[in-house]
Amino acid sequence: MTSPTPSSFELLPGAGDSPVILHVPHAARRIPADVRAGILLDDGALERELDHIVDAYTDRIAEGAAEQAGVTPFRFVNRLSRLVVDPERFPDEREEMLAAGMGAVYTRTTHGDALRGTDFDPEPLVERYFRPYARAMTDAVSGRLAAAGRAVVVDVHSYPSVRLPYELHGDGARPAVCLGTDPFHTPPALLDAAREAFAGIGETGLDSPFSGTYVPLRYHGSETRVSALMVEIRRDTYMSEPGGPAGPGLSRLASALADLVDALTR
């Protein structure tokens, strides 16, 4: 088996007794040269695609939250673009985004254009990047269970203010902060804490335009000590779209996320 590049993802340590992991899977733009060779877009088109698909600055939001929180959370950060692999997808037919060409390895762009050839084999990328990431994230959650007796995964994402063609459920509300939930792993107290923490940012909503949250499969639907929430931040609240600079909203969001971390640590 080919090992992943050491910098393809990173677990940044927090306080030993913190149960919280801020998971940042989609903030990076980096694509290794050998992976880039399998992408059909020219350089300009690829940069435009990254502008649309990257959850820009969410790593900085999580970093700011970690610095401000009373008890430092752990951070698990993907250092490669989701155009390499998307670690939050199912790697098989269970993944509904396969319908848009966006399973664990994307074959279509945000606007439905071909990203990879029809004969492209995703398995080498899944083996090299997806599976090691999943194992490492599982280990990170296991570590919090062992040290703190519980684990709380807060998935930090962003989304565009205007629906993109790839969105399967993009015709609903687009609040300032969308909270994605899991019926087993998102208890009411976690939702209440998130609503309170982000109240100053703007309207919060549930599961629209994106739903669900990340839980390692080892624990999904079976371990009550693992709770999880996806925080989807509408990009116009903190940056110029698409792919533009961050604005003052970024620091407000970091503070709000720190408030959520503090609430989950008490």
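Me: What makes S4 and strand S7 (residues 226-234) a pair?

Reply: Two strands pair if DSSP finds at least two bridges between them. S4 and S7 have nine, in the parallel sense, so they qualify as a pair. Among the partners, Ala151 is bridged to Val226 in S7. A strand here is a DSSP run of E, at least two residues, numbered from the N terminus, and a helix is a run of H or I, at least four.

A word on the source: this is a predicted model, where local features need pLDDT of at least 70, side-chain atom pairs count only at pLDDT 80 or more, and totals for chains, interfaces and linings use all residues. Residues are numbered from 1 along each chain as its sequence is written, and side-chain values use heavy atoms, with hydrogens and water left out.

Me: What does S4 pair with in strand S2 (residues 20-24), parallel or antiparallel, and over how many bridges?

Reply: S2 and S4 run parallel, with four bridges; that clears the pairing rule, so this is a pair too. Leu22 has Val154 as its bridge partner in S4.

Me: Why is S4 (residues 151-159) called mostly covered?

Reply: Nine of its nine residues are buried, where buried means under 20% relative accessible area, exposed over 50% and partly exposed in between (1.4 Å probe, protein chains only). Both faces are covered: one side includes Asp155 and His157, the other Val154 and Ser158.

Me: Why is Leu206 called partly exposed?

Reply: Its relative accessible area is 40%, so it falls between the buried and exposed limits. Leu206 is found in strand S6 (residues 204-206). Beyond four places in sequence, Leu206 touches Leu179, Thr181, Leu191 and Arg195, contact meaning heavy atoms within 4.5 Å. Leu206 and Leu179 are 27 residues apart in sequence, yet their C-alpha atoms are 4.9 Å apart.

Me: What makes the set that holds Leu22 and Val154 a nonpolar core?

Reply: A nonpolar core is a set of buried Ala, Val, Leu, Ile, Met, Phe, Trp, Tyr and Cys residues joined through side-chain atoms within 4.5 Å. The largest such set has 66 residues, and Leu22, Val154, Phe198, Leu257 and Leu260 have the most contacts inside it. Helix H6 (residues 249-265) gives the largest share, eight residues. A second, separate core has 17 residues, including Phe9 and Met137.

Me: Which classes of residue line the largest cavity?

Reply: Its lining has seven nonpolar, three polar and no charged residues. Ala, Val, Leu, Ile, Met, Phe, Trp, Tyr, Cys and Pro count as nonpolar, Asp, Glu, Lys and Arg as charged, and the others as polar. Phe9, Ser81 and Tyr133 are among the lining residues.

Technical notes:
On a 1 Å grid over the protein atoms alone, a cavity is a set of points where a 1.4 Å probe fits but cannot get out, and a pocket is an open set with protein on both sides within 12 Å along at least five of seven lines; lining residues have an atom within 4 Å of a point.
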